[in-house]
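User: Could you walk me through this model, one question at a time? I would like to begin with the annotated regions and then turn to how the chains meet.

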Protein chains: 2
Amino acid sequence: MVDTAPVPSTNTPKADASGDPAAGTPAGGTDTGVRIDVDLLAEHLLGRWAEDRRASRRLALDPAMHKIEGMPSAEHRARTLDQLRLLVEAGAIQRPYPEEIGGQSNHGGNLAAFEELATADPSMQIKAGVQWGLFGSAVHHLGTERNHREFLPGIVSFDVPGCFAMTETGHGSDVQSIATTATYDPATEEFEIHTPFRGAWKDYIGNAALHGKAAVVFAKLVTHGVDHGVHAFYVPLRDDEGAFLPGVGGEDDGYKGGLNGVDNGRLHFDHVRVPRTNLLNRYGDVAEDGTYSSPIASPGRRFFTMLGTLVQGRVSLDGAAVVAQKIGLQIALTYAAQRRQFPTGDGTEGVLLDYGRHQRRLVPRLATVFAQSFAHEKLLRTFDDVFSGREDTPQRREDLETQAAAFKSMSTWSALDTLQECREACGGAGFLAENRLTGLRADLDVYVTFEGDNTVLLQLVGKRLLTDFRAKAPKDTASTAKFVASQAATKLADATGIRRIGQAVADRGSLAASVTDLQDAKTQHDLLAGRVDTMVTEIGMRLASAGKDRARGALLLNRSQHELIEAAKAHAELMQWEAFTEAIDEVPEGDTRRVLVWLRDLFALGLLEQHLDWYLMHGRITAQRARAVSAYIDRLVARVRPIVPQLLDSFGYEPGHVRAPIALGAEQARQDEARAWFAAEAAAGRLPEQEKKPRP
Amino acid sequence: MVDTAPVPSTNTPKADASGDPAAGTPAGGTDTGVRIDVDLLAEHLLGRWAEDRRASRRLALDPAMHKIEGMPSAEHRARTLDQLRLLVEAGAIQRPYPEEIGGQSNHGGNLAAFEELATADPSMQIKAGVQWGLFGSAVHHLGTERNHREFLPGIVSFDVPGCFAMTETGHGSDVQSIATTATYDPATEEFEIHTPFRGAWKDYIGNAALHGKAAVVFAKLVTHGVDHGVHAFYVPLRDDEGAFLPGVGGEDDGYKGGLNGVDNGRLHFDHVRVPRTNLLNRYGDVAEDGTYSSPIASPGRRFFTMLGTLVQGRVSLDGAAVVAQKIGLQIALTYAAQRRQFPTGDGTEGVLLDYGRHQRRLVPRLATVFAQSFAHEKLLRTFDDVFSGREDTPQRREDLETQAAAFKSMSTWSALDTLQECREACGGAGFLAENRLTGLRADLDVYVTFEGDNTVLLQLVGKRLLTDFRAKAPKDTASTAKFVASQAATKLADATGIRRIGQAVADRGSLAASVTDLQDAKTQHDLLAGRVDTMVTEIGMRLASAGKDRARGALLLNRSQHELIEAAKAHAELMQWEAFTEAIDEVPEGDTRRVLVWLRDLFALGLLEQHLDWYLMHGRITAQRARAVSAYIDRLVARVRPIVPQLLDSFGYEPGHVRAPIALGAEQARQDEARAWFAAEAAAGRLPEQEKKPRP
């Protein structure tokens, strides 16, 4: 999992590397004359499930599906409920389910289509995700044919709106510690679902406050006095009038930071009884007499297998975060290319996107979204390989979980950062709800902590990196030292001519030489991969020093937690870079490929710039070369600037997806009107003179 | 302005500097036994206008003043209108006005009191800011006694809710380029206010959508065919029934990303006539015959003088951003100290604040808020010195404008970052509106772009730094080289034993030695100040290379814009550090002072860590010493951890200010209940056994 992909050969064409730091960077950018094939790139970005994406985008054009900003919460909740019915009617949610109940067993296409719904209203998307991606998916993947037959038809038809009742107030991302119990009673052949105290209430549950008629409840299965760990149970919640059934209760979570079209709430259960057969029994079953059985002997492995079937939530949030950023950048960059502000050298007002700072704020983020888009497509293919059964191996499942945890964390955080930068780049106009940036950001806020808190997910990735390190590392200290010396990281340091940290670094000559070096894909890969290896090795060595002293081991791990999460991020960035580079390999030689290489370089150099302190401290980059990083980013940004409108076109979104007036001509019209007015007044001699400056 | 303050002597007591990197950092923190004097620190934080702050905090406890999250916009607007009437009744808004109309001429106290209102509802605060801080303040500071007599009573009594109509759709932070005109007609002795095209409409104007009966409209004053630049005019907008007067029109800005209790809107004027005496005529007047006169001969200086009187908006936003962060940190850190999650080494669940990563997320931000709090107090004193007339000199006004621009930018961005980190650190609970973090963040979002866009403000700071550089730099190239060599930056590099960038750096020995070094206040100051000097020198030299070629100068300036803004940030950080250090000097020797020094060190080292790449590239810090920075931050964080509850107490906020259930005992009660339940069940032998792991 941690091994990095083979190094591809997509380097920046040497022709673009100018050695003159002052060359070819006019105010507005460097027009290299390069133009991309928008249709080609658009198709590439749509990926393997292009048709599903297109169908979903068409659906998202329907005004009935659009979020109305500022709509009071109660109306918004009712509207999303209606929207979910429209999704069923349109056949938009059936893709992943078995053919026998009207599905297509199309797992990748299902998520691709789902992700595009974020363009219409993230509340509608998430409510649909609760119904079919969590509630339905739990029945589908944790249940057997028996459960499918009984429960899936009502879920798919939306006759039974339902909840995914996993999280408890007292336990967020730590599902293994939940306190709700399901105790088997052989006398009645029922499970008794019970939440023994306030902290065990199910919380933040979509559909719980109003619309849920049933729930998949996660609880510890107890039979014959033994706790077999977390299992899932189908539990009816409300009658047809919407009143709670006996023993069931709940609360409304109330107003939230976003997603207010989803009726999140709390649920509690006071000795609520459900039939034995309401256990979703694919990974664990209880016989009539209360005997427990499972195809997976280890309780730990069983738990993680069950949770693993629910990975699609993370996968789809990664994709939705990419979609939202594309919309955000399309709004802010279109506005930036039309809005004029402040007089420039020649007296006219400059276009925002021609200002150095403005370019720096937005263009590197555009490159990052391309990286995330290709990384997500790779993740989606991994997901489909596993869930279609084509390649359902433990190794591939582990790849899937690591990729999902890593990419979801990076892209959802990136979405908040990008949408905020876009909003600020549009100033006051960006704060108006009609221009959508604040609403998208607010709705996506919770993506960074639900379906696995990003910090917790990255810690999982970090722990897997450590496991891999330990598997490779020898057991005794002497060999360990040799092992460390043999690591790629150390080799890289040697290769760049730096033999030990703090040693005199040979200045490798001109800026040009350094730049040529950094645009080499192998150099980029080695720098990114070397950082991961070294960080993990450093932490691994430190933890190994505890030996068998478990308390000291725990102490050192806690003290290394911050670093471990940084190492996991570094690994995620490397995987994004690899996915971007692999995606470039699928594009034929030519201008489009060339621009993608610029964007990949911009992404890579952005990462180097962000972590430059680390590279310098570890002697991987000389101070001279480090200075070239920012200069080269500036040049790449200027080179990409003239192609920005084409790159936005390649996202393939229509005005009905974008919907922000400032990005749909309103700003351009105002600019044109103002210029025409001044021109006419000047021509008619009606403009006043300026007050003269007094003589000194 | 750019000269840095004298270096103070507040170093970390040497007794705290342990050389052993593994010493004294248990999981939960390092309890040094140090405890602060909470009352002393609380009083110090309240600052010079403690009584005004206290009065305002008492007012903010009134539930009628509190924001109700999720309230539909129309109701929220009506509620804030009522709240403003309560402010008048409470005598809360009269402080800055002249005694003759019931005021106290208390400028510093007015802003201190205003800032605290953010704890109740930022919409109410901003609507009050529009009425009395902008609309009223413009009449007060841009008008003469004639205007005061006519307009101020209605403004202060709130009989005339009004607007500050400066910003236009087409011109945000570039006020000098607005297109609304006020053309004098000597025949009728009136000004004709006119917005000639859509881009000239006033936009984002508080009180414009609904409640504004009058406005101070900024327009270009034209008389006898000459444009005398931007002036302010008092313009009636609506009749007593709320209908627009003839020629006046407008639109509602609609729903926004936050502050939805403020009725922002657009205004346009179609040849609207107002009497000649509605010109606010302190800095420019028109005689009956149309003759223009001004006490300030230069149109440019006149414009900036007029704008300078409106600096208090920025000052108060800086303070409000500090208040909001204190509330946010109080919520997230209190929750972190009570919430348990994930089993730790000993089997019990750990308190969030004892996790290494969680400490790293929140404790350094606590140190930053202390820095900002003291920096704001310094700014407030500068403001009061100038506005009270005690020290109204051009130099002091320039200090004020630079401090306000720098601190407002840093603290408002910091508020968004801190509130977001707080919200994520509280997971799903942080996303619930009842816990206030999302609402505060949404309401404060626009603080970073209104009252001067942060990017624009920092560019102003940067340009002043360049002006100072040019004033000091000699005119010919040879002397310039000598001048540069003589700069503090270069001297510092020599002092640290590094003679030129890229040269072999002498490793200065053990970690301990490095740490001792970095906790020296003079070293911190020199590193921070040296960075500013060097950055400005580098940009200044580059711009100087253009000589008299204006086009090339403009090109180079644009290409340096990103760096210039970074230099301005570096300057702002240095000023914050200085303010923090000066504030420590006012605290007597003892534990409280010792803890403040830790926090100051944490702030300083956080800045060094953030800019470590720069220090390494410029040879100011060796790689060895750079590694010590993060290690020392970890140790400071662990040392501060046990004192966190006391530090939160020193903010002096009551439950009625905090209001988030998770920070007021709800979480602790849940934890206690769960533990008691498990203990009772275990004692009664009712807990099930755990399923045994299968034998291998």
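User: Which residues of chain A does UniProt list for "domain: Acyl-CoA oxidase C-terminal"?
Analyst: Happy to help! This name comes from an unreviewed UniProt entry, and such annotations may be inferred rather than shown by experiment, with positions given in the numbering used here and feature names shortened. In chain A the annotation covers residues 531-661.

User: Before going on, what should I know about the model itself?
Analyst: It is a predicted model, in which local features need pLDDT of at least 70 and side-chain atom pairs count only at pLDDT 80 or more, while totals for chains, interfaces and linings use all residues. Residues are numbered from 1 along each chain as its sequence is written, chains are lettered from A and ligands numbered from 1 in the order in which they are written, and side-chain values use heavy atoms, leaving out hydrogens and water.

User: How far apart are the end C-alpha atoms of residues 531-661 of chain A?
Analyst: This span is 79% helix and 0% strand, where helices (H or I, at least four residues) and strands (E, at least two) are DSSP runs numbered from the N terminus. Its end C-alpha atoms are separated by 44 Å.

User: What is the helix content of residues 308-466 of chain A?
Analyst: UniProt, in an unreviewed entry, lists these residues for "domain: Acyl-CoA oxidase C-alpha1". The span has 4% strand, and its end C-alpha atoms lie 20 Å apart. Its helix content is 75%.

User: How many residues does each chain bring to the contact between chain A and chain B?
Analyst: Contact here means heavy atoms within 4.5 Å. Chain A and chain B each bring 109 residues.

User: Which three residues supply 10% of the area that chain A buries against chain B?
Analyst: The area buried between the two chains (accessible area, 1.4 Å probe, lost on putting them together and summed over both) is about 8700 Å², with 56% from carbon and sulfur atoms. No other three residues of chain A supply more than A:Arg357, A:Phe431 and A:Glu691.

User: Which residue of chain B forms a salt bridge with A:Arg627?
Analyst: A salt bridge puts a side-chain nitrogen of Lys or Arg within 4 Å of a carboxyl oxygen of Asp or Glu. Between chain A and chain B the count is 9. For A:Arg627, the N to O distance is 3.2 Å and the partner is B:Glu538.

User: Which residue of chain B stands opposite A:Val226?
Analyst: Strand S6 (residues 226-236) of chain A pairs in the parallel sense with strand S14 (residues 689-690) of chain B over 2 bridges; pairing requires at least two bridges found by DSSP. Opposite A:Val226, in S14(B), stands B:Glu689.
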